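Student: Could you take me through one part of this protein slowly? I would like to look closely at how charged side chains pair up.

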Amino acid sequence: MSAVVYEQREVRRARYAVAAVFAVHGAVTGSFATRVPWIQDHAGVSAGQLGLALAFPAIGASVAMPLAGRISHRFGARTALRGLLALWTLALVLPSLAPSLWTLCLALFVYGASAGMADVAMNALGVDVENRLGKSIMSGLHGMWSAGALVGSAAGTLAAHLGSDARLHHALAAVTLTVLGLVACQWVLDLRPTEDEEPPPRFALPPKSALLIGAVGFCAVFAEGAALDWSAVYLRDQLETSAGLAAACTTGFMLTMAVARLGGDAVVNRFGSVRTVRASGVLAALGGVLIVVANQPAVAMGGFALMGLGIAVVVPLCFAAAGRSGPNPSQAIAGVATITYTSGLVAPSAIGGLAQLTSLVVSFGLVTVLACGLVAFAGVLRTSDRGRPKVTLPDAPVPDPRP
């Protein structure tokens with residue numbers, strides 16, 4: 001990207017703009033998740049068919065994410081983000097319009113593809129702003145995503161409670177979020193490639209550095225997916241709690257992650273990425289042990305809360321490390337994102353399959369082992385600390401040297 005130096009106030013404004021973009025992205029996810037039962041009824045699909053359809057967002061994201069870097073190279077970071085984010089917010093309406101299984105699969109493929117491309121673009125911009133500020137901000141940005149998802153979920157819960165048609169709900173949400181996203185994109189940094197910079201390939205295998213960093217992200221996202229999809233079932237089936245208390249456990253896990261991400265940058269700036277992830281792995285593993293040995297709901301809920309606290313900052317730090325691991329940040333981020341999306345795809349079914357063969361206790365034993373992997377392999381994120389420039393921002397902009 002071009003070597004333009006921005007004023008301090010421009011970079012700080014860009015930080016808040018990217019944070020708003022993360023919140024908008026998360027709000028789309030929250031809005032969709034709360035209306036899945038309505039979408040299932042409208043499409044007339046069984047639980048098994050719905051499970052098949054819900055695999056298509058991750059498939060679409062994995063296929064499309066490598067294209068994000070090329071789009072940013074062609075149009076510039078600001079224009080690319082504006083278009084990709086609008087595509088994502090408007091794609092919210094597609095699943096609720098699907099009248100059958102195959103149209104639902106197609107809609108969710110497009111939904112996931114637009115989500116993945118916008119995800120790569122906004123994370124690449126977040127990493128660039130973090131570099132220019134010389135301090136960690138990625139955890140806070142992902143915290144804003146979690147906050148946006150909670151807001152979207154709350155609005156969707158209200159809409160479902162009122163019995164509103166999801167097509168109308170999602171149309172209104174899509175328009176609102178598209179406008180908010182376009183406004184926020186006005187203030188992100190307009191990064192452009194230098195004249196001699198080669199465009200990234202349309203499709204490419206993730207670089208080796210992204211594979212190593214992605215492995216750490218895989219462990220964290222596997223634990224996140226397992227907890228989100230199975231924590232309520234665990235409390236209901238293993239500890240015989242009420243449906244309300246089981247649901248409260250999942251909500252508590254999400255809140256713990258959101259709060260930890262919003263406050264995580266201060267910890268990262270104080271102790272560095274590697275030590276933070278190692279400590280996070282210890283917390284997540286301790287949470288897993290509490291879940292496995294729990295004979296009371298409070299113990300298991302405490303375990304899920306600790307797990308949420310432990311894994312919260314890992315994925316943001318993986319994206320930050322990927323963005324500094326080579327000459328093409330977008331390609332590396334896309335590689336890590338593909339691996340983490342894959343983890344999110346396989347985790348729920350893997351937990352369910354292992355539970356069918358053994359028990360949910362054994363399934364969360366596997367999650368605990370993967371949490372220990374965060375402690376063992378945190379060192380691959382060292383580039384996140386070593387590569388962060390300590391920048392002193394100027395009071396006046398330096399002109400772009402390109403003619």
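Which side chain meets that of Arg132 in a salt bridge?

Tutor: Happy to help! Before we start, this is a predicted model, in which local features need pLDDT of at least 70, side-chain atom pairs count only at pLDDT 80 or more, and totals for chains, interfaces and linings use all residues. Residues are numbered from 1 along each chain as its sequence is written, and side-chain values use heavy atoms, with hydrogens and water left out.

Now to your pair. The side chain of Arg132 meets that of Asp128 in a salt bridge, at 2.6 Å from N to O. The term stands for a side-chain nitrogen of Lys or Arg within 4 Å of a carboxyl oxygen of Asp or Glu. Side chains of opposite charge can pair when their charged atoms come close. Both partners, Arg132 and Asp128, sit in helix H8, 4 residues apart, or about one turn of the helix. Helices here are DSSP runs (H or I, at least four residues), numbered from the N terminus. Arg132 and Asp128 are both buried, meaning under 20% relative accessible area, while exposed is over 50% and partly exposed is in between (1.4 Å probe, protein chains only).

Helix H8 has a second pairing to show you. Glu130 forms a salt bridge with Arg324, and their closest N and O atoms are 2.1 Å apart. Because Arg324 lies in the loop between H15 and H16 while Glu130 is in helix H8, this pair ties together parts that are 194 residues apart in sequence. Arg324 and Glu130 are both buried as well.

Let's follow that loop to the helices on either side. Helix H15 (residues 314-323) packs against helix H16 (residues 329-357) at an angle of about 145°, and their axes are 8 Å apart. Those axes are lines fitted to C-alpha atoms, for helices over the stretch in contact, and angles run from 0 to 180 degrees between N-to-C directions. On the H15 side, the contact (heavy atoms within 4.5 Å) includes Cys318 and Phe319, and on the H16 side it includes Pro329 and Ile333.

For a contrast in setting, try Arg167 and Asp165, which also form a salt bridge, with closest N and O atoms 2.7 Å apart. Arg167 is partly exposed because its relative accessible area is 36%, and Asp165 is partly exposed too, with a relative accessible area of 28%. A search of the whole structure finds 4 salt bridges.

Methods: Helix = DSSP H or I, 4+ residues; strand = E, 2+ residues; numbered from the N terminus.
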